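Work through the exercises below with the structure open beside you. Try each task before reading its solution.

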Amino acid sequence: MSSDTHRLDAGVRLRPVTLADAGPLAESLTRSRAYMQPWEPVRPDAFYTEEGQRERLAGVLADRDAGRVMPWVLCDAQDRAIGTFTLNGVVLGPFRSAALGYWVDVDFAGRGLATAVVRLICELARDELRLHRIEAATLPYNEASQRVLAKCGFEQIGLAPGYLHINGEWRDHRLFQRVLHDGPVTGAEAVSGA
């Protein structure tokens, strides 16, 4: 998938994540920890350190190299990490689908950045990965994320009881999807997953 940097409003950019983002991500996650607590799994304190993020990113980048994940970092005008957006569980072949996950730093939330980036990722997934659909899940009371998904053309397709272990409990999630295209899967794509 594209290794390009994509410019958004006010100097904010979306670019592929690198190991060098570990320190800035640790800072952003620490700053946003209380804000994101209702929506996130319980994480050990080490997760919020540069070393913890370096270890996590090493795994993410290995999954990217294997074609299972497409990770990006959202950066401010000074190239500091202020969020991540990831297509997880990428499956090609006849399924051609992935799951979207994202977060934005507390200091940048509510500015429309998530909506702009999700729209961009849908375009990249359709045009470069040639995915058929993207799915996403939100807690039933995460209205902000549901608004982002609705603005980006996602439709609710169900409710999954006990879907993810979030903030210390197994929690129900609303499931959404966006069909990116209904075009055919060519012979090489269907067989090889290319």
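The exercises go from the whole chain to its sheet, and then to the helices; the model is predicted.

**Exercise 1. Overall fold**

Task: Determine how many helices and strands the protein chain has, and in what pattern they follow along the sequence.

Solution:
- Step 1. Count the elements: the protein chain has five helices and eight strands.
- Step 2. Read them along the sequence. The pattern is β-β-α-α-β-β-β-α-β-α-β-β-α.

**Exercise 2. Dimensions and burial**

Task: Compare the radius of gyration of the protein chain with that of a compact globule of 194 residues.

Solution:
- Step 1. For 194 residues, a compact globule would have a radius of gyration near 16 Å.
- Step 2. The protein chain has 16 Å, so the two agree.
- Step 3. Add the extents: the C-alpha trace spans about 45 × 35 × 30 Å along its principal axes.
- Step 4. Turn to burial. Under the cut-off of 20% relative accessible area, 42% of the 194 residues count as buried.
- Step 5. Look at the surface. About 9800 Å² is exposed, and carbon and sulfur atoms supply 52% of it.

**Exercise 3. Strand order and edges**

Task: Give the order of the strands in the sheet, then explain why one side of strand 1 and of strand 7 is left without a neighbour.

Solution:
- Step 1. The eight strands form an open sheet, ordered 1-2-3-4-5-6-8-7, with mixed pairing.
- Step 2. Strand 1 (6-7) and strand 7 (155-166) stand at the edges. Each has a single partner strand, so one side of each lacks a neighbour in the sheet.

**Exercise 4. Parallel or antiparallel?**

Task: Assign the sense of three pairings: strand 2 with strand 3, strand 5 with strand 6, and strand 6 with strand 8.

Solution:
- Step 1. Strand 2 (residues 13-16) and strand 3 (residues 70-75) pair antiparallel over four bridges. Arg13 has Cys75 as its bridge partner in strand 3.
- Step 2. Strand 5 (residues 97-104) and strand 6 (residues 133-138) run parallel, joined by three bridges. Here Ser97 stands opposite Arg133. The chain crosses from strand 5 through helix 3 (residues 113-127) to strand 6, a right-handed β-α-β crossover.
- Step 3. Strand 6 and strand 8 (residues 169-179) run antiparallel, with six bridges between them. Glu135 stands opposite Gln177 in strand 8.

**Exercise 5. Helices across the sheet**

Task: Find which strands helix 1 and helix 4 lie across.

Solution:
- Step 1. Helix 1 (residues 22-36) lies across strand 3, strand 4 (81-91) and strand 5. Its angle to strand 4 is about 90°.
- Step 2. Helix 4 (residues 143-151) lies across strand 5, strand 6 and strand 8. Its angle to strand 6 is about 160°.

Technical notes: Residues are numbered from 1 along each chain as its sequence is written. This is a predicted model: local features need pLDDT of at least 70, side-chain atom pairs count only at pLDDT 80 or more; totals for chains, interfaces and linings use all residues. Side-chain values use heavy atoms; hydrogens and water are left out. Two strands pair if DSSP finds at least two bridges between them. Helices (H or I, at least four residues) and strands (E, at least two) are DSSP runs, numbered from the N terminus. A crossover is right-handed if, with the strands pointing away from the viewer, the path from the first strand over the helix to the second runs clockwise. The radius of gyration is taken over C-alpha atoms; the globule rule is 2.2 Å times the number of residues to the power 0.38. Buried means under 20% relative accessible area, exposed over 50%, partly exposed in between (1.4 Å probe, protein chains only). Accessible areas come from the Shrake-Rupley method with a 1.4 Å probe; for residues, only the protein chains shown count as cover. Contact means heavy atoms within 4.5 Å. Axes are lines fitted to C-alpha atoms, for helices over the stretch in contact, and angles run from 0 to 180 degrees between N-to-C directions.
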